[in-house]
Amino acid sequence: MEKMINKVELNGFAGSNPEVKTLPNGNKVLKFSLATSSSYKDREGNWVRDTTWHNIVMWNKLAEAANGEIKKGSRVSLTGKLANHQYTDKDGKKNTVSEIIAVSY
């Protein structure tokens, strides 16, 4: 059987100050947004910047290490995995959220 790999490497800028929470079970979670961008020339030869926003999640020791170091505007390089989860909002609508679960930065 072929081995499947879920690995993401991102290099960008923090778009928000991280939020850190301690869960009832004692685990710590840190969340922030990260902007990555690429540039290309359009048909008229003008440079266009394309920015993508990512939801970043860090857990426990990594969250503790990143807390205080990462601030809005900080350059961040990280490795992680893509995770999707669904939830139902208060109106009963199902939504899907994509996050990058960081394993190092």
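The paragraphs below lead through the strands, the nonpolar core, the largest pocket and one buried asparagine of this structure. The model is a predicted one, and every value given here was computed from its atoms.

A convenient place to begin is the pairing of the strands. Strands β3 and β4 pair in the antiparallel sense over 13 bridges, and within this pairing Y40 stands opposite V48 of β4. The two strands form a hairpin with 5 residues between them, and in the turn G45 has a positive phi of about 90°. On β3 there is also a pairing with β1, for 2 bridges join these strands, which run antiparallel; here F13 has A35 of β3 as its bridge partner. Strand β1 pairs in addition with β5, again in the antiparallel sense, over 6 bridges, and in that pairing L10 has L78 of β5 as its bridge partner. Strand β4, for its part, pairs with β6 in the parallel sense over 2 bridges, and V57 stands opposite I101 of β6.

From the strands one may turn to the side chains packed among them. The largest nonpolar core holds 16 residues, and the members that touch the most others are F32, I56, M58 and L78. At least two residues of this core come from each of β1 (8–14), β3 (28–41), β4 (47–59), α1 (60–66), β5 (75–88) and β6 (94–104). L78, already met as the bridge partner of L10, is thus one of the residues with the most contacts to other members of the core. For F32, when residues up to four places away in sequence are not counted, the residues touched are A14, S16, P18, H54, N55, I56, M58, I70 and V76, and this list includes two further members of that leading group, I56 and M58.

F32 also leads to the largest pocket, where it is one of the lining residues together with S16, N17, E19, K21, V29, K31, S33, N55, I56, V57 and E99. Two or more lining residues are given by each of β2 (19–22), β3 and β4, with β3 providing the largest share, 4 residues. The space in this pocket amounts to about 190 Å³. Among the residues that F32 touches, S16, N55 and I56 also belong to the lining.

Away from the pocket, a last residue to examine is N95, which lies in strand β6. Between the C-alpha atoms of N95 and of N55, one of the pocket-lining residues, the distance is 15 Å, and the two are 40 residues apart in sequence. Is N95 buried or exposed? N95 counts as buried because its relative accessibility is 18%, and the limit for that class is under 20%. The side chain of N95 reaches the backbone oxygen of K93 at 3.2 Å and makes a polar contact with the side chain of D89 at 3.5 Å. When neighbours within four places in sequence are left aside, D89 is joined by H85, Q86 and Y87 as the residues with which N95 is in contact.

Technical notes. Residues are numbered from 1 along each chain as its sequence is written. This is a predicted model: local features need pLDDT of at least 70, side-chain atom pairs count only at pLDDT 80 or more; totals for chains, interfaces and linings use all residues. Side-chain values use heavy atoms; hydrogens and water are left out. A nonpolar core is a set of buried Ala, Val, Leu, Ile, Met, Phe, Trp, Tyr and Cys residues joined through side-chain atoms within 4.5 Å. Buried means under 20% relative accessible area, exposed over 50%, partly exposed in between (1.4 Å probe, protein chains only). Contact means heavy atoms within 4.5 Å. Two strands pair if DSSP finds at least two bridges between them. A polar contact is a pair of N or O atoms within 3.5 Å; within protein, one must be able to donate a hydrogen and the other to accept it, and residues adjacent in sequence count only if both atoms are side-chain atoms. On a 1 Å grid over the protein atoms alone, a cavity is a set of points where a 1.4 Å probe fits but cannot get out, and a pocket is an open set with protein on both sides within 12 Å along at least five of seven lines; lining residues have an atom within 4 Å of a point. Grid points are joined across faces, edges and corners, and a volume is the space filled by probe spheres set on the points.
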